[in-house]
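Reader: I would like to go through this entry by question and answer. Please put up the sequence and the structure before we begin.

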Amino acid sequence: MRGLIVKEPYASMIVRGEKIWEIRKRSTNIRGKILIISGGYVVGEVEIADVLGPFSPEELAKFEKFHRVSEEELKRYSQGKRLYAWVLKNPREFEEKKKVEIPRGAQVWVKL
């Protein structure tokens, strides 16, 4: 199983179904169920259904209700690059968070 590393408050928003697009600088071919990891803990799971883009930060700002990120933050994160929206569905927040060992250097994915 793969775990996606996501910073708070976005990780909690994803597993509660409040954030249905995860914004990344790269596309992914991964589809299906993944775990959401934040602060060294698995906080829930979600499915990657699709990837949209690439978009400019200005284009993505029109869809803030899906990704919950301000235009200023999108511009800062993008560093001038185009961005992708990973479309998420079927979120589930775990009642008990599980501590995981994140390998040195892991920034996006962790194999569990």
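Author: A residue counts as buried under 20% relative accessible area, as exposed over 50%, and as partly exposed in between. The model discussed here is predicted.

Reader: With those cut-offs, is glutamine 79 buried or exposed?

Author: Glutamine 79 lies in the loop between H4 and strand E5 (83–99). Its phi is near 50 degrees, a positive value in a residue other than glycine. The relative accessibility of glutamine 79 is 60%, and the cut-off is over 50%, so glutamine 79 counts as exposed.

Reader: Where does arginine 68 lie, and what is its relative accessible area?

Author: Arginine 68 sits in the loop between helix H3 (64–67) and H4. Its phi is near 60 degrees, which is again positive in a residue other than glycine. Arginine 68 is classed as partly exposed, because its relative accessible area is 39%.

Reader: How many salt bridges does the model have?

Author: Side chains of opposite charge can pair when their charged atoms come close. The rule asks for a side-chain nitrogen of Lys or Arg within 4 Å of a carboxyl oxygen of Asp or Glu. By this rule the count of salt bridges is 11.

Reader: Which parts does the salt bridge of glutamate 58 and lysine 75 tie together?

Author: The side chains of glutamate 58 and lysine 75 meet at 3.9 Å, N to O. Glutamate 58 belongs to helix H2 (residues 57–61) and lysine 75 to helix H4 (residues 71–78), so the pair ties together parts 17 residues apart in sequence. Glutamate 58 is partly exposed at 40%, and lysine 75 is partly exposed at 41%. The parts tied together are therefore H2 and H4.

Reader: Which helix holds both glutamate 71 and lysine 75?

Author: Glutamate 71 and lysine 75 form a salt bridge at 3.5 Å, N to O. Glutamate 71 is partly exposed, with a relative accessible area of 27%. The two residues are 4 apart, about one turn of the helix, and both lie in H4.

Reader: Are lysine 19 and glutamate 22 buried or exposed?

Author: Lysine 19 forms a salt bridge with glutamate 22, and the closest N and O atoms are 3.4 Å apart. As for accessibility, both lysine 19 and glutamate 22 are buried.

Reader: Which residues are linked in a network of salt bridges?

Author: The network is made of salt bridges, each a nitrogen-to-oxygen pair within 4 Å. The residues linked in this network are Arg16, Glu18, Glu93 and Lys97.

Reader: Which element gives the largest share of the lining of the largest pocket?

Author: The largest pocket holds about 750 Å³ of space. It is lined by 24 residues, and Glu22, Ile23, Arg24, Lys25 and Tyr77 lie nearest its centre. Strand E2 (21–24) and H4 each supply at least two residues of the lining. The largest share, 4 residues, comes from H4.

Reader: By class, how many charged residues are in that lining?

Author: The lining of the largest pocket comes to 24 residues. By class there are 11 nonpolar and 3 polar residues, and the charged residues number 10.

Reader: Which residues does threonine 28 touch beyond four places in sequence?

Author: Threonine 28 is in the loop between E2 and strand E3 (32–38), and it is buried, with a relative accessible area of 9%. Its side chain reaches the backbone nitrogen of isoleucine 30 at 3.1 Å. Leaving out residues up to four places away in sequence, threonine 28 touches Ile48, Val51, Trp86 and Trp109.

Reader: Which residues does serine 38 touch, on the terms used for threonine 28?

Author: Serine 38 lies in strand E3 and counts as buried at 9% relative accessibility. A polar atom of its side chain lies 3.0 Å from the backbone oxygen of valine 6. Not counting residues up to four places away in sequence, serine 38 touches Val6, Lys7, Glu8, Ala11 and Val43.

Reader: What is omega for the peptide bond from glutamate 8 to proline 9, and for that from glycine 53 to proline 54?

Author: Proline 9 is in the loop between strand E1 (2–5) and helix H1 (10–15), whereas proline 54 is found in strand E4 (residues 41–55). The bond from glutamate 8 to proline 9 is cis, with omega near 10 degrees. The bond from glycine 53 to proline 54 is cis, with omega near 15 degrees.

Technical notes. Residues are numbered from 1 along each chain as its sequence is written. This is a predicted model: local features need pLDDT of at least 70, side-chain atom pairs count only at pLDDT 80 or more; totals for chains, interfaces and linings use all residues. Side-chain values use heavy atoms; hydrogens and water are left out. Buried means under 20% relative accessible area, exposed over 50%, partly exposed in between (1.4 Å probe, protein chains only). On a 1 Å grid over the protein atoms alone, a cavity is a set of points where a 1.4 Å probe fits but cannot get out, and a pocket is an open set with protein on both sides within 12 Å along at least five of seven lines; lining residues have an atom within 4 Å of a point. Grid points are joined across faces, edges and corners, and a volume is the space filled by probe spheres set on the points. Ala, Val, Leu, Ile, Met, Phe, Trp, Tyr, Cys and Pro count as nonpolar, Asp, Glu, Lys and Arg as charged, and the others, Gly among them, as polar. A polar contact is a pair of N or O atoms within 3.5 Å; within protein, one must be able to donate a hydrogen and the other to accept it, and residues adjacent in sequence count only if both atoms are side-chain atoms. Contact means heavy atoms within 4.5 Å.
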